[in-house]
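Thank you all for coming; please have the sequence and the model open in front of you while I talk. I will go through a few places in the chain one after another, and I will explain each term when it comes up.

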Amino acid sequence: MLELTRGRLPVLSDPAVMEWCGRLRATPALRPIWDAALASELLALAALRGAAPELCLALTDTALMRPDLSLAPQLAELAAQIDEPLRTQLLTAAFPKVGIASARVLVNDSRLPVRVTALAALPVLGMDGAPELRAALSGTELPVQLAALRGLGEIRDAEALDEVALFAQPGQPHELHKEAVWALGRFGQPRALPLLQEAATSESPALRVSALLAIAAIPGQEAQMALGALFPEYAGTALEGSYLRALLELGASGARQTLQPYLVHRDSVLVRRSALLGGLLGDPAAASSLMEWLPVDPRNPELLEALANVLCVDFRTLPDPAGTYLAWWRDHSNLPPADWFSSAARGSGFNLPIHFAEADAQPRVAVAELLKV
């Protein structure tokens, strides 16, 4: 099979080359005797057939059946000759085969596109690529620094926090600042919160959204409190939806808990916005605030949608939805909120026990019924 392969692939059609590569890779006995000369031949052909991405990837994968450090320069040449996104796909597939020593050759290549793509592919090697990514931060080319920040975030290299934090300072170029904020969130370290909170109040909407999501990605009560403290910055603004998306990263329970203190705030705007968002999250704690607001603004579509969510009954298509909700509230406000849900479920044909949320309920039965709903 080796001798049949040498020198003959260039004259074959693309489908025939693809089929033969598959047969070579499916023959384990070839791996111990696969040689660098034949691998080099396949890599050269991959460069010629780069216009056919699947074939280029197949040829490269076959060439690297038995990785050899001597092939790294040719792999770099191949990467330089093909375009994105194929270049990133190729190196991401190749690096686990060739290992960190060969990947390091590409990371230090003289051509900027090869270096950037090699850095983008390094996370596939996990923490083995961390030293190269951290070293790249000290470079002067923006694409290199961006790729390094992204890579460090992808491998969650918390040891790089201080180095990455330098790029999350005010005054840094916007692209670097935004990427560094994203990486800090991936590290999951509460000590990054002050920088992230500062970014969440910046003038750039994109940076603010990145900072919100980064804070939400950090586990623990500190991050939840930091996100809650930012609610006045976003309530009623064009970025309120982005804030809600960040809240949902905490899970429904965490999102509800974060908003609940604002239901009793002295600022009526914050009370109403937190009640609306809490209503969208189905938080029964928001029901009283929503009902107090309803007589003042009985046709507000946001308010009526929140009520439909939290009370589990939808009167929006009736002639007088506000009056119907007020009458419903008079009759049901003294019941446990779980009963609102179970009543609505029964009305839709689901047999949810009316006291499914009580401590002595049978969890297995309740969960089974909830899944049906």
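Let me begin with arginine 156, which counts as partly exposed because its relative accessibility is 46%, where buried means under 20% relative accessible area, exposed means over 50%, and partly exposed is in between, all with a 1.4 Å probe and protein chains only. Before I go further, please keep in mind that this is a predicted model, in which local features need pLDDT of at least 70 and side-chain atom pairs count only at pLDDT 80 or more, while totals for chains, interfaces and linings use all residues. Residues are numbered from 1 along each chain as its sequence is written, and side-chain values use heavy atoms, with hydrogens and water left out.

Arginine 156 sits in the loop between α9 (142-155) and α10 (161-165), where helices are DSSP runs of H or I with at least four residues and strands are runs of E with at least two, numbered from the N terminus. Although arginine 156 is not a glycine, its phi is positive, at about 55°.

Arginine 156 also brings us to the largest pocket, since it belongs to a lining made up of Arg150, Arg156, Lys178, Glu179, Trp182, Gly185, Arg186, Ser210, Leu213, Ala214 and Ala217. For the definition, we take a 1 Å grid over the protein atoms alone, and a pocket is an open set of points where a 1.4 Å probe fits, with protein on both sides within 12 Å along at least five of seven lines, while lining residues have an atom within 4 Å of a point. Two elements, α11 (174-187) and α13, give two or more residues to this lining, and the largest share, five residues, comes from α11. The volume of the largest pocket is about 200 Å³, a volume being the space filled by probe spheres set on grid points that are joined across faces, edges and corners. What is the character of the residues in this lining? They divide into four nonpolar, two polar and five charged, with Ala, Val, Leu, Ile, Met, Phe, Trp, Tyr, Cys and Pro taken as nonpolar, Asp, Glu, Lys and Arg as charged, and the others, Gly among them, as polar.

One of the lining residues is Ser210, and its place is in helix α13, residues 205-217. Is serine 210 buried or exposed? It counts as buried, because its relative accessibility is 14%. Leaving aside residues up to four places away in sequence, serine 210 touches Lys178 and Val181, contact meaning heavy atoms within 4.5 Å.

Now to the interior. The largest nonpolar core has 97 residues, of which Phe95 and Val164 touch the most other members; such a core is a set of buried Ala, Val, Leu, Ile, Met, Phe, Trp, Tyr and Cys residues joined through side-chain atoms within 4.5 Å. Helix α6 (residues 86-107) gives the most to this core, with nine residues. Apart from this core lies another, of 23 residues, including Leu276 and Trp328.

Not every residue of helix α6 is buried: alanine 93 lies in this helix, yet it counts as partly exposed because its relative accessibility is 44%. Leading into α6 from α5 (72-81) is a loop that holds proline 85, and a cis peptide bond, with omega about 5°, joins glutamate 84 to proline 85.

Valine 114, in helix α7 (residues 112-121), counts as buried because its relative accessibility is 1%. Its contacts, not counting residues up to four places away in sequence, are Ala76, Ala79, Ala80, Leu106 and Asp109.

Finally, the cysteines. How many disulfides are there? The count comes to zero, a disulfide being a pair of cysteine sulfur atoms within 2.5 Å. Cysteine 56 is buried, with a relative accessible area of 0%, and because its sulfur is 11 Å from the closest cysteine sulfur, in cysteine 21, the two are too far apart for a bond. Cysteine 312, by contrast, is partly exposed, with a relative accessible area of 25%. It is found in the loop between α20 (301-311) and α21 (321-332), and its phi is positive, about 70°, although it is not a glycine.
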